[in-house]
Amino acid sequence: MKLPILLFDPNPVAAGVLAQQLRRAGFETHMAADGLAAVLAARGQPFASIVVVADLADARMRKCMHELRDAEPDAWLIVISDPPVDGAWDVVRKLGGNVMMDVPFTVSDLARQLSELPARARPVA
């Protein structure tokens, strides 16, 4: 059985659209309304992947990603940088991220990344 995906995007409209598109692509997707809800969800059940759409310049988002990594250390942490920032991959790597994508991105590219990931991960950091 494939584990579900946790999706956290602070923009609820964008999160809803992305979750719907991922479901159409065949992924079981759970949405978190905010960072705290995302961390609690990650502590409450295992996820294959955690997808975070984040402003990497925002210290609260970096803290949230760090807490997500601690809550679910075996999940793939996929960070979508919005807006793209210089040195983003270094920030993502330090937070234990496994994959980094920039906005704009396509759902098909994200679905391909999710499909190609092993069932469970080990952080790169």
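Visitor: Which elements do the buried residues of α1 pack against?
Guide: Keep in mind that we're looking at a predicted model. The buried residues of α1 are Ala 15, Leu 18, Ala 19 and Leu 22. Their packing partners are β1 (5–8), β2 (29–32), β3 (49–54) and α5 (107–116).

Visitor: Why do the buried residues of α1 line one face of the helix?
Guide: Start with the general rule: an α-helix has 3.6 residues a turn, so residues three or four places apart point the same way. Here, Ala 15, Leu 18, Ala 19 and Leu 22 are the buried ones. Look down the axis of α1 and these buried residues line one face, because they fall within an arc of 100°.

Visitor: And which residues are exposed on the other side of α1?
Guide: Buried means under 20% relative accessible area, while exposed means over 50%. On the side of α1 across from the buried residues, the exposed ones are Val 13 and Arg 24.

Visitor: At the start of α1, which residue's side-chain oxygen reaches to the backbone nitrogen of Val 13?
Guide: Helix α1 covers residues 12–24, so let's look around its start. A side-chain oxygen there comes to within 3.0 Å of the backbone nitrogen of Val 13, and it belongs to Asn 11.

Visitor: Does Asp 74 count as buried, partly exposed or exposed, and why?
Guide: You'll find Asp 74 in the loop between α3 (59–71) and β4 (76–81). Partly exposed covers the range between under 20% and over 50%. Since Asp 74 has 21% relative accessibility, it counts as partly exposed.

Definitions and conventions
Residues are numbered from 1 along each chain as its sequence is written. This is a predicted model: local features need pLDDT of at least 70, side-chain atom pairs count only at pLDDT 80 or more; totals for chains, interfaces and linings use all residues. Side-chain values use heavy atoms; hydrogens and water are left out. Helices (H or I, at least four residues) and strands (E, at least two) are DSSP runs, numbered from the N terminus. The expected span of a helix is 1.5 Å times one less than its number of residues. Buried means under 20% relative accessible area, exposed over 50%, partly exposed in between (1.4 Å probe, protein chains only). The arc is that of the directions from the helix axis to the C-beta atoms. Contact means heavy atoms within 4.5 Å. A polar contact is a pair of N or O atoms within 3.5 Å; within protein, one must be able to donate a hydrogen and the other to accept it, and residues adjacent in sequence count only if both atoms are side-chain atoms.
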